[in-house]
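Me: Please take one close look at the empty space enclosed inside this protein. Tell me what lines it, then work outward to whatever surrounds it.

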Amino acid sequence: MTTASTISSEHASARHRMRQRALAVLPQFAHLDDRRVEARRYVGIAAAVAAVGGLLFGYDTGIIASALIYVTQSFSLSTSGQEWVAAALNLGAVAGAVASGPVSDRYGRRPAIMLASAVFILASFGCGLAPDETTLIIARLFLGVAIGATTQIVPVYVAELAPAERRGSLVSLFQMVFSLGLLVAFFVGYVMAGPPDCWRAMFMLGAVPAVLLALGMLFLPESPRWLLHREQEARAIAILYRLRGHHDPVRAELDAVLCVEQEDADNADTRWSALRQAWLRPALVAALGIAALSQLSGPNVIVYYAPIILSQTGLGHSTALLTSVLVGVTSTITTVMGIALIDRVGRRRMLLWMLPFAALSLFVLGAIFLSPAPIAGLRMVLMVASLLGYIFFNFGSLSVAVWLVASEVFPLQVRSKAMGLASATVWLSDTLVSLVTLSLVNALGTTGTFWLFGVINVISFVFVWAYVPETAGTTLEDIESRLRTGTFLTGGHGHAGRSARP
C-alpha cells in the first residue's frame, strides 16, 4: 500500500527533475539581446486583451440598470420579478466561479477564458431573444456562469504573467475595463431607450466584447507558472523570456517559482480540502472578507437600481438614466486613478484612506432623502455630488482591490480554486444585495437603506485595518513565504512593510 511518505517522496523527486530540466533550458536564452522594452509592452498588451473580460462583466452588470425598466414593462414584472431578473446573473456567476477553477487548473488559463467567451456569446443572444420572463432568467443564469468564470480566471492569469512591480496596475486593468463596460452600458441604455423592446438589442450587444476577447486570446500565451506546474519547462521559460525580455529577471523569477514548487512537494494536495490548512487561513480571511465587503458595501445598489430608485423620487426615466451615465464616467475615472496609484501607494493604504469618505458620502446621500419634497435645486446638486462621491471612493478602493488581493495572496497550487472561492463570494454577496435592495428601500426607506450601506463601509475600514496586509512590490512567491512563516500581516518590502499598521 502506498504511504503518504512515499507519495511525498515521489512528488519531491518529480519537482527535482523539473528543476533540473528548467535549469538545462535556461542557457539557451543567456546570449539573446536585451528585449526588456519590448517585453514590457508585450505584458501590457496581454493584460489589456485579457482585461476585456472585465468589459463583459461591466457591460452586463450595467445594462440591466437600463434594460430592467423596459423588461418590467414588457413582462409586467413584480418587484420580486425585477429582483430575480437582476439576481439570476449573480447566481450563475457563483457556479461559474467555482467550476472554472478546476477547469483552468486542468486545461490552462487561456482555454478556460476562451470557453467562457463562447458561453457568453450564446447567452447574450439568449437574453435578447427571450420570449418570456422564465427564459430570460435562465439565459441570464448562463450569462452569469460565463461572467463568474471570467472574474475567476482573468485576474489569476494576469497576476501570473505580470512582474511584481507592475502586478497591481495590470491586474487592476480588469476593474478599469469593468468600469468602462459600465459606462458603455449606461450610454447604450441612454441612447437606445424608448421603444418597448429596446432591451433586446441592449442584451445582444454584449456579445461584441465576448467575440473580441475570444479572438484576442488566440494570440496570447499560456501562464508560464501554470506551464511549469504542468512540467512544460521549455515552453514556460520561452514565454517567460518573452514577458521579461532578459535572462537575468527570467532566472531570478524561475528560481523563486522553483523554490516554492520544491517546498510544495511535501504538501502536494491540490484538492478543495487543501484550503482548510491552517497556514492558509490568513489569506482566506483577507481575500474572502474583501470579496464580500466589496459588494455588501453597496456599489451595485447604485449600478443596478439607481435609475429605478431615482425615478421613484420624481425624476423622469431619461434624467435617471443620464445620472447613471455620470456614475459610469466617475467609476471609470476613479479606477484609472486607482490603477495609477495602487503600486505606488499600496493596496492597504488606498483602502484605509478612501473607505471613510465612501461611508460619509452615503450618510450625506441618505440625509438628502429625509425630506419628502421633490428633489431640486441645491438638494439635486448635493444628491448627485454625494452619489458620485460614493462611487469615486468605493470604486477607487474596494472595487479596485477586490480582484487584485485575491489573485495575489494564495499559493500557485491552490490559487485557481481559492480565486474561484473569492469570486463566488463576490457573486453570493452581490446576489444578496440584488435580492434585498428594493425590499430594503420599501422597509427602511431610501434614507435608511443608504445609511445601512454607509455603516457597512465603516465596517469595511475596520476589517482592512485588522486583517488585510500590504502586498505591493512583493512577488507572489514572497507572499507565499510570508504565509508559511506566519508573517503574512506584518512582513513585506518597501512601503508594504511600513504600512503593516496605519
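Reply: The count comes to 4 cavities of 30 Å³ or more. A cavity here is a set of points on a 1 Å grid, over the protein atoms alone, where a 1.4 Å probe fits but cannot get out. Grid points are joined across faces, edges and corners, and a volume is the space filled by probe spheres set on them. Rolling a probe the size of a water molecule over the atoms shows where empty space is left.

This is a predicted model, so local features need pLDDT of at least 70 and side-chain atom pairs count only at pLDDT 80 or more, while totals for chains, interfaces and linings use all residues. Residues are numbered from 1 along each chain as its sequence is written, and side-chain values use heavy atoms, with hydrogens and water left out.

The largest cavity holds about 90 Å³ of space. Its lining residues, those with an atom within 4 Å of a point, include Phe-57, Gln-175, Phe-178, Ser-294, Gln-295 and Pro-299. Also on the list are Asn-300, Phe-395, Ser-399, Val-402, Trp-403 and Asp-430. Four elements give two or more residues each: α8 (167-192), α14 (281-296), α15 (299-312) and α18 (377-408). Of these, α18 supplies the largest share, 4 residues. By class the lining has 6 nonpolar, 5 polar and 1 charged residues. Here Ala, Val, Leu, Ile, Met, Phe, Trp, Tyr, Cys and Pro count as nonpolar, Asp, Glu, Lys and Arg as charged, and the others, Gly among them, as polar.

Now the frame. The protein has 21 helices and 0 strands. Helices (H or I, at least four residues) and strands (E, at least two) are DSSP runs, numbered from the N terminus. Of its 502 residues, 60% are buried. Buried means under 20% relative accessible area, exposed over 50%, and partly exposed in between, with a 1.4 Å probe and protein chains only. Contact means heavy atoms within 4.5 Å. Among contacts between residues at least 6 apart in sequence, 84% join residues at least 24 apart.

One lining residue, Phe-57, leads on to Ile-147, which touches Phe-57. Ile-147 sits in helix α7 (residues 133-161). It is buried, at 1% relative accessibility. Setting aside residues up to four places away, Ile-147 also touches Leu-56, Asp-60, Leu-89, Phe-120 and Trp-427. The C-alpha atoms of Ile-147 and Gly-92 are 8.3 Å apart, with their positions 55 residues apart in sequence.

α18 comes back in the nonpolar core. The largest such core has 150 residues, and Leu-136 and Phe-203 have the most contacts inside it. α18 gives the most to this core, with 15 residues. A nonpolar core is a set of buried Ala, Val, Leu, Ile, Met, Phe, Trp, Tyr and Cys residues joined through side-chain atoms within 4.5 Å. Beyond its neighbours within four places in sequence, Leu-136 contacts Val-71, Phe-75, Val-85, Cys-127, Ala-130, Trp-199 and Phe-203.

Cys-127 is buried, at 0% relative accessible area. Cys-198 is buried too, at 6%. The whole structure has 0 disulfides; a disulfide is a pair of cysteine sulfur atoms within 2.5 Å.

Next, the open space. A pocket is an open set of points with protein on both sides within 12 Å along at least five of seven lines. The largest pocket holds about 360 Å³. It is lined by 21 residues, with Pro-163, Glu-165, Arg-244, Pro-249 and Glu-253 nearest its centre. At least two lining residues come from each of α3 (36-50), α12 (233-244), α13 (247-264) and α20 (476-485). The class split is 11 nonpolar, 1 polar and 9 charged.

Last, two backbone points. Most residues other than glycine have a negative phi. Glu-231 has a positive phi near 65 degrees. It lies in the loop between α11 (224-229) and α12 and is partly exposed, at 37%. Ser-76 also has a positive phi, about 50 degrees. It lies in the loop between α4 (52-75) and α5 (79-107) and is exposed, at 64%.
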